[in-house]
Amino acid sequence: MEPSGGSRDARLAVTPVAAVLPAGGSGERLGGATPKQFCAVQGRPLVSYAVRAMERISWISDIIVVVSPENIETMKSIIEQYGHKRVMIVKGGITRHRSIFNGLKVFVENEFSNHLLQKPEVVIIHDAVRPFVEEDILSKVVMAAKEHGAAGAIRPLVSTVIASAADGCLDHSLERARYRASEMPQAFLFDTIYEAYQQCTDYDLDYGTECLHLALKYCNTSAKLVEGTADLWKVTYKRDLYAAESIIKDNLSQQVCVITNVKEAVAQVGFLLQESLKSQIKVEAVSISLSKNDSHLQNIFSGQCYNFICVNDRKYAIQETQQLVDMLEKSSIPLLYPVVLILVHLDISENISFSIGMEELTRIKKFAREVKKKNILVYGLLIQYK
């Protein structure tokens, strides 16, 4: 029987795990001058989504991003702009396998780093151009790798695979039901995959693409295959960028949570918002004090709601909003897609000047710029009335 999510998390918390993200491709099949991993989706580089997916998981200690030498400065600026943590940039090789090997070396050699990182028990290998990986599949491949030495996500084949003869005619086809498409993420006992790369021939390093095959060929380690979800696909062509953007927009439009404090005027506005929106979108309404750790709100976060309307009075508005952002970051919601947070501030005080209202809006704008780096989009509306 498969362990529950809670017991899995507890076991992973004491297992040293690191991730290597090869991001050195040139993006020839995508077309255009910008490599696909640096193309923007909803204003954010694709590689940043993949890094954020790993970064959100507390039991992943180090994230190694392997990029081509000419893109090291670009990657550094992305890390700085989006506030990524626990990330080390490593210079890639001329092929995918050589880049991954370089990423592994930072744990055992000083060639690519001034200091060695702690060698993990398990290492995840995941493409930087697969932005929609969730914690559940990552934990499954890591646990399977601990038991079997190697593990990888798979998906059913969509099309039948055929072989052509020398004359260009059909030779034979494979029985599709017997085969699977190898996807990412994959995970390995570190010593196993590192030994495999050390024994690799130049031919494997230059022409191979499958890490699981290296573990089998050089370490006699048969990988456990883990059924993956449909969103593990790789951005390869330009149309895939549009598909990724569509997924993000679709996730943003599923539901909204209206949060109010317990004051009567504020709660009334929240009720009216809920009534006006419920015919167009799924609406959850919560009336709480954000200073308390509300279990209902935590359940909404875990349900992966990405849209929030926060209604409160003007006093302490930014403090309460910061508390909400902190709760979002500490929740299990993966911030792979932008979280939209609309702040509706009701100012019910008397004799308030217009200049104070503008000052409040300026504070909201500054706050919005800061949290945008965390993939949280904040919009503010200040309503003044006597």
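Which residues of the largest nonpolar core touch the most other members? In this predicted model, they are Val47, Met54, Trp59, Ile60, Val65, Met75 and Ile124, out of a core of 38 residues. Several elements feed into that core: β1 (17-22), α2 (46-55), β4, α3 (72-82), β6, α5 and β7 each put in at least two residues. The largest share, seven residues, comes from α5. There's also a second, separate core of 30 residues, with Val20, Met88, Ile193 and Ala196 among its members.

Let's step back for the overall picture. The protein chain carries 13 helices and 16 strands, and buried residues account for 48% of its 386 residues. If you take the contacts between residues at least 6 apart in sequence, 76% of them join residues at least 24 apart.

Now to the sheet. Seven strands make up an open sheet with mixed pairing, in the order β5-β4-β1-β6-β10-β7-β11. At the edges stand β5 (87-91) and β11 (224-227), each with a single partner strand, so one side of each has no neighbour in the sheet. From one strand to the next, the twist averages 25°. As a reminder, strands of a sheet pair through backbone hydrogen bonds, in either the parallel or the antiparallel sense.

Start at the β5 edge. Strand β4 (residues 60-67) runs parallel to β5, and five bridges join the two. Here you can pick up Val65 again, one of the core residues that touch the most other members. Val65 sits opposite Ile89 in β5. Leaving out neighbours within four places in sequence, the contacts of Val65 are Leu21, Ala23, Val47, Val51, Met75, Val87, Met88, Ile89 and Val90. Two of those, Val47 and Met75, are also on the list of core residues with the most contacts to other members.

Move along to β10, which has β6 and β7 beside it in the strand order. This strand is mostly covered, with seven of its ten residues buried. β6 and β10 run antiparallel and are joined by four bridges, while β7 and β10, also antiparallel, pair over six bridges. Gln186 is a handy landmark here: Ile125 stands opposite this β10 residue, and Gln186 is also the bridge partner of Gly152.

Next door to Gly152 you'll find Ala153, placed in strand β7 (residues 150-156). Is Ala153 buried or exposed? Its relative accessible area is 0%, under the 20% cut-off, so Ala153 counts as buried. Beyond the residues up to four places away in sequence, Ala153 touches Ile137, Val141, Ala181, Ser182, Glu183, Met184, Pro185, Val226 and Leu232. Although Ala153 and Gln186 are 33 residues apart along the chain, their C-alpha atoms are separated by 6.3 Å.

Two helices are worth a look at this point. Helix α5 (residues 135-148) has 14 residues and reaches 20 Å from its first C-alpha to its last, close to the 20 Å expected at 1.5 Å a residue. The buried residues of α5 are Ile137, Leu138, Ser139, Val141, Val142, Met143, Ala144 and Ala145; Ile137 and Val141 are among the residues that Ala153 touches. Just after α5, Gly149 adopts a positive phi of about 95°. The other helix, α8 (residues 211-219), lies across β6 (122-125), β7, β10 (180-189) and β11, and runs at about 60° to β10.

Finally, the aromatics. The structure holds six aromatic pairs. One of them, Phe190 with Tyr194, is stacked, at 5.6 Å centre to centre with 10° between the planes. Why are Phe190 and Tyr194 separated by about one helical turn? Because they are four residues apart in helix α6 (residues 190-199). Phe190 is buried, with a relative accessible area of 1%, and Tyr194 counts as buried too, at 8%. The rings of Tyr203 and Tyr207 have centres 4.9 Å apart and planes at 40°, so this pair is tilted. Both tyrosines lie in helix α7 (residues 202-207), again four residues apart, about one turn of the helix. Tyr203 is exposed, at 60% relative accessible area, and Tyr207 is exposed at 62%. Phe190 and Tyr194 also belong to an aromatic cluster that takes in Phe101, Phe107 and Tyr197.

Key
Residues numbered from 1 in each chain as written. Predicted model: local features only at pLDDT ≥ 70, side-chain atom pairs only at ≥ 80, totals over all residues. Heavy atoms only, no water. Buried < 20%, exposed > 50% of the residue type's maximum accessible area, 1.4 Å probe, protein only. Contact = heavy atoms within 4.5 Å. Expected span 1.5 Å × (residues − 1). Pairing = 2+ DSSP bridges. Axes fitted to C-alpha atoms, helices over the stretch in contact; angles between N-to-C directions. Core = buried A, V, L, I, M, F, W, Y, C linked by side-chain atoms within 4.5 Å. Phe/Tyr/Trp six-rings, centres within 6.5 Å; stacked < 30°, edge-to-face > 60°.
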